[in-house]
Amino acid sequence: MTNVSQSMPVAEESSAIDSPIMDYLCDLRDQFAGHDSGEVADYIPELAKACSESFGIAVATTEGHVYEVGDSRQEFTIQSISKPFVYGLALEDNGRTDILKKIGVEPTGDAFNSISLDSETGQPANPMINAGAIATAGQIMGYDKDKKLLRVMGMMSAYAGRSLEIDEAVYRSESETGHRNRAIGYMLRNFNILEEDPSETLDLYFRQCSVSVNCRDLAIMGATLANAGINPVTQERAIRGEYVENVLSVMGSCGMYDYAGEWIYKVGMPAKSGVAGGIVAVLPGKLGIGVFSPPLDKRGNSVRGIKVCNRISMDFNLHMFNVVQPGKSVIRRSYDGSHITSKHLRGAAERRRLQEAADLIRVYEIQGDLNFSTSEVVVNEIVTNSRFADYFVIDLKRVLTLDQSTCHLFCQLLLKLADKDKQLVFANCDSFPELGRYIRMKIKGGNESLWLHFDDDYALEYCEDRILNRGEVTPPPVSLQDFELFDGLDADEIDVIGGRLTKQRYTQGEIIINQGDAASQLYLLAQGQVSIRMALPDGNTKRLATLSQGLVFGEMAWIERSERSAAVTVDVDALCYKLDIDDFDDMMADHSSIKVKILGNLLRIFTRNLRKANTEIGVLS
Ligand code: DON
């Protein structure tokens, strides 16, 4: 036989391919690099030193993947792009109510340095114009200006995922020429928007604008907002999740000043520009884009920056109002108890009773992010079917996130069904403790093990047991002739086989079979309940089956004469009959017909279990 490895040329350790996204960004940069309209800002003298050819693009996803091309590592000052981030910190420090008393959220349609203050209250229209940003800087907590600055730098560094510093030359340049901002500062002091002498606040503002970043930082800062406030590269939280929506709102409505309307219309992402030539754009839940190119249009936005964001948004359908059909896909599949039964194998009588009542159980496997609009689809489906079933299982195995409104809706649904003596239970909810907490809070003294189940299989078993009223009374031991294994055996033949069985009692928790044991006996479960579990590589175990009385276990290894492939433990005190393999073999000589009947019955049991497994594969695939 040819050794394949000898014939096949040994593959060189080839380098990984370039990401097509990198190719796309390279092309994009090349396309706009030659575009030379716009002016480098010079009203802050230090900024005039910027090179108009500098041009970098970066995209960071909420998965933490970062793509960057061109001058993506070239430092420049963040300028007005600092405003939404500082606004977020002010919200954390003061809460929405107090901040809204000081600073409005209305777009002005005016330029960034317009003195847009309410004529009566002096309230600046929004936190994205200089007036609003200076007012915002005045709300930052800290026992002195150094502490406040430290907190602002710490926050911005958390967004960027690296320790950021201030460009002292730009800071000095701005501070020395910031007369208009000073005027705004004193106007705000005049209206008591700033409650102390504005110079410290102005200084903090000039410093926040002078923080040195690159467009890779901007992309990651944007992706942090897109990722509900957690930096997707460092996993550090930069802002409390509840305030992200407010920061993105003002970026969406005011971030691009008097171009905001056209921007949101064409590009469709909350964004913020800065006079040093940076733009950050955010697609909530997905990604952040950072662009750096100093030449600005007459509104103070980077010319190439706008073109790049426009193009990326168009090419990849990133407009946030470009909605895909919502919700329909939240229910990945649903089925009733006739298609899928739990791994609790039951005796013939219980199997029949369950088959008759199987459609009283409905299981809904749901997926994705659960919020009002998606959980409403699930609730509506269950409400619509509430007349036809008594037990509803919501399986959260493929759910990514679950918000408060979902907890509320599911809990109300549970209570409403309970009023009608129907039950709603949840499976695979370990990742969502908030759901259990919410239900516990609403249903005082309730037994949550009735609602929350380890996985869909245990939830299904729970519903089946309810239908069978299991656990009400301990059924008497199954007699030998009632074992399916002995179907077709007459009384004499039952006596023969009975004479070869040994009887053993086991108590709850006891291990009857260990995985890997040699298989010498077949077990007939006359009373009680056992479960078969297989050890998994991660040290956990997986339930393969639970058996009620009247069933046999250990038959596979017994027939194969192989090692036990799983362990068997006692769930409910059990009584077992054991048939030794050698005794069974000996029967061939004198009682071959009994042996044939038993093997025939075993085959039929195997076939039925195989058919059940095939049906389930069919439903679940
Ligand atoms: O206060 C100023 O004027 C600058 N530090 C920031 C202005 C700015 O970035 C406007 N953005 N396009």
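What radius of gyration does the protein chain have, and what would a compact globule of 621 residues have? The chain has 35 Å, while such a globule would come out near 25 Å. Keep in mind as you look around that this is a predicted model.

**Stop 1: the whole chain.** Show everything as a cartoon and turn it slowly. Along the principal axes, the C-alpha atoms fill a box of roughly 110 × 70 × 40 Å. Colour by secondary structure and you'll be looking at 21 helices and 20 strands.

**Stop 2: the surface.** Now switch on the surface. The accessible surface adds up to about 29000 Å², and carbon and sulfur atoms own 52% of that. As for what's tucked away, 51% of the 621 residues are buried.

**Stop 3: the charges.** Select the charged side chains next. You'll pick up 64 positive and 87 negative ones. The centres of these two sets lie 4 Å apart.

**Stop 4: contacts along the sequence.** Try colouring from one end of the chain to the other. Take the contacts between residues at least 6 apart in sequence: 74% of them join residues at least 24 apart.

**Stop 5: a little sheet.** Select residues 76-77 and 165-166, which are β3 and β4, then add 211-213, which is β5. These 3 strands make an open sheet, ordered β3-β5-β4, with antiparallel pairing. β3 and β4 are the edge strands, each pairing on one side only. Strands of a sheet pair through backbone hydrogen bonds, so show the backbone here.

**Last stop: one bridge.** Zoom in on β4 and β5, which are joined by 2 bridges. Click E165, then find its bridge partner in β5: S212.

Notes:
Residues numbered from 1 in each chain as written. Predicted model: local features only at pLDDT ≥ 70, side-chain atom pairs only at ≥ 80, totals over all residues. Heavy atoms only, no water. Helix = DSSP H or I, 4+ residues; strand = E, 2+ residues; numbered from the N terminus. Rg over C-alpha atoms; globule rule 2.2 N^0.38 Å. Buried < 20%, exposed > 50% of the residue type's maximum accessible area, 1.4 Å probe, protein only. Contact = heavy atoms within 4.5 Å. Areas by Shrake-Rupley, 256 points an atom, 1.4 Å probe, with all protein chains shown as cover. Lys, Arg positive; Asp, Glu negative; His and termini not counted. Charge placed at Lys NZ, Arg CZ, Asp CG, Glu CD. Pairing = 2+ DSSP bridges.
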